[in-house]
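Student: Please take me through one part of this model at close range. I would like to follow a strand, its sheet and the helices around them.

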Amino acid sequence: MSLNQLSEVKVSGGHLLRVEHLSAACQGSMTFAIFLPPQAQQGTQLSKVPALYWLSGLTCNDENFSQKAGAFALAAELGMAIIMPDTSPRGAGIEGEDDAYDLGTGAGFYVDATQAPWSKAYNMYSYVTEELPNIIQSNYAVNDQAAISGHSMGGHGALICALKNPGKYASVSAFAPITSPSQCPWGQKGLTAYLGSDEATWAPWDTNQLVQKNHTAGITPQALLIDQGTSDPFYVDQLMPKLFNETCERLQYPIDYREREGYDHSYYYISSFIEEHLLYHAAYLGLTA
């Protein structure tokens with residue numbers, strides 16, 4: 001597959017690349033960013049390193065995390081690559097894709113759309129879980145050990161990717177995730193457009209329902225780290241952490257829920273605690289600072 005490197009910059013001893021390519025899953029051009037720590041410098045004989053996949057939220061692209069999170073210094077010390085895909089296809093030519101911030105461009109919700117016209121290109125789940133890892137492992141000094149994390153809509157994406165694929169990710173965490181999209185306005189709008197009005201089709205893309213399904217199926221639960229600010233303006237109506245925590249408590253599902261007093265939904269909040277998350281994933285990936 002042909003990759004078009006858009007830029008490269010040295011940071012924290014490693015290199016941050018932005019790359020464009022044609023995506024089979026999304027039927028068009030996609031962009032991702034990748035941070036390669038010093039241990040994975042291109043052109044060397046050093047060992048391949050594990051990776052953290054970071055999924056961003058509504059209205060974001062591949063650059064929000066790289067420019068605002070402040071994660072690269074510790075990732076470089078740990079020897080951890082960080083992969084940052086875009087949040088949706090762009091310029092897919094779908095009518096209405098640029099009409100609203102919470103549907104279409106910048107709002108792929110990490111599902112595989114089944115409804116026309118979205119099913120033509122909006123297959124972010126397959127892109128993130130299958131196509132992109134294959135590209136990364138085939139072209140960079142990155143091995144198949146992976147962790148996954150994300151913010152808001154991307155937190156939802158990280159959780160469902162892990163819950164739908166037991167054993168695929170060494171660890172999973174989320175900042176202010178949409179935990180029950182079937183019951184919040186953002187999720188209901190997106191899932192209706194992408195999957196149709198039959199709410200039964202939404203269940204495989206809903207974290208709150210997935211933990212219950214996995215529990216019933218007897219699947220060994222994977223621990224979840226969830227970070228949430230108490231001053232997040234979307235706390236009650238969109239993110240619904242109380243509902244999800246009650247579900248986990250009822251099922252005795254392992255969750256490390258860290259509520260941060262006074263923090264909001266922004267990258268100021270993410271940058272304040274990203275190092276805790278990197279160290280959490282490093283432990284599962286066998287990395288030490």
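Tutor: Here is a close look at one sheet and its surroundings.

This is a predicted model: local features need pLDDT of at least 70, side-chain atom pairs count only at pLDDT 80 or more, and totals for chains, interfaces and linings use all residues. Residues are numbered from 1 along each chain as its sequence is written, and side-chain values use heavy atoms, with hydrogens and water left out.

Start with the sheet. It is open, with 3 strands in the order β7-β8-β9 and parallel pairing. Strands (E, at least two residues) and helices (H or I, at least four) are DSSP runs, numbered from the N terminus. Two strands pair if DSSP finds at least two bridges between them. The edge strands are β7 and β9, each pairing on one side only. From one strand to the next the twist averages 10 degrees; axes are lines fitted to C-alpha atoms, and angles run from 0 to 180 degrees between N-to-C directions.

Now β7 itself. It spans residues 173-175 and includes serine 173. 3 bridges join β7 to β8, and the two run parallel. Phenylalanine 175 stands opposite aspartate 227 in β8.

Serine 173 counts as buried because its relative accessibility is 0%. Buried means under 20% relative accessible area, exposed over 50%, partly exposed in between (1.4 Å probe, protein chains only). Its side chain makes a polar contact with the side chain of serine 149, at 2.8 Å. A polar contact is a pair of N or O atoms within 3.5 Å; within protein, one must be able to donate a hydrogen and the other to accept it, and residues adjacent in sequence count only if both atoms are side-chain atoms. Beyond four places in sequence, serine 173 is in contact (heavy atoms within 4.5 Å) with residues including Ile148, Ala158, Leu225, His277 and His281.

Ala158 leads to helix α4, residues 153-163. Here 11 of 11 residues are buried. They pack against β4, α3, β6, β7, α6 and β8.

Helix α8 (residues 241-251) is next. Its buried residues are Pro241, Phe244, Asn245, Thr247, Cys248 and Leu251. They cover an arc of only 155 degrees around the axis, so they sit on the same side of α8. The arc is that of the directions from the helix axis to the C-beta atoms. Their cover includes α6, β8, α7 and β9. The face turned away from the buried side carries the exposed residues Lys242, Glu249 and Arg250. Glutamine 252 follows α8, with a positive phi near 55 degrees.
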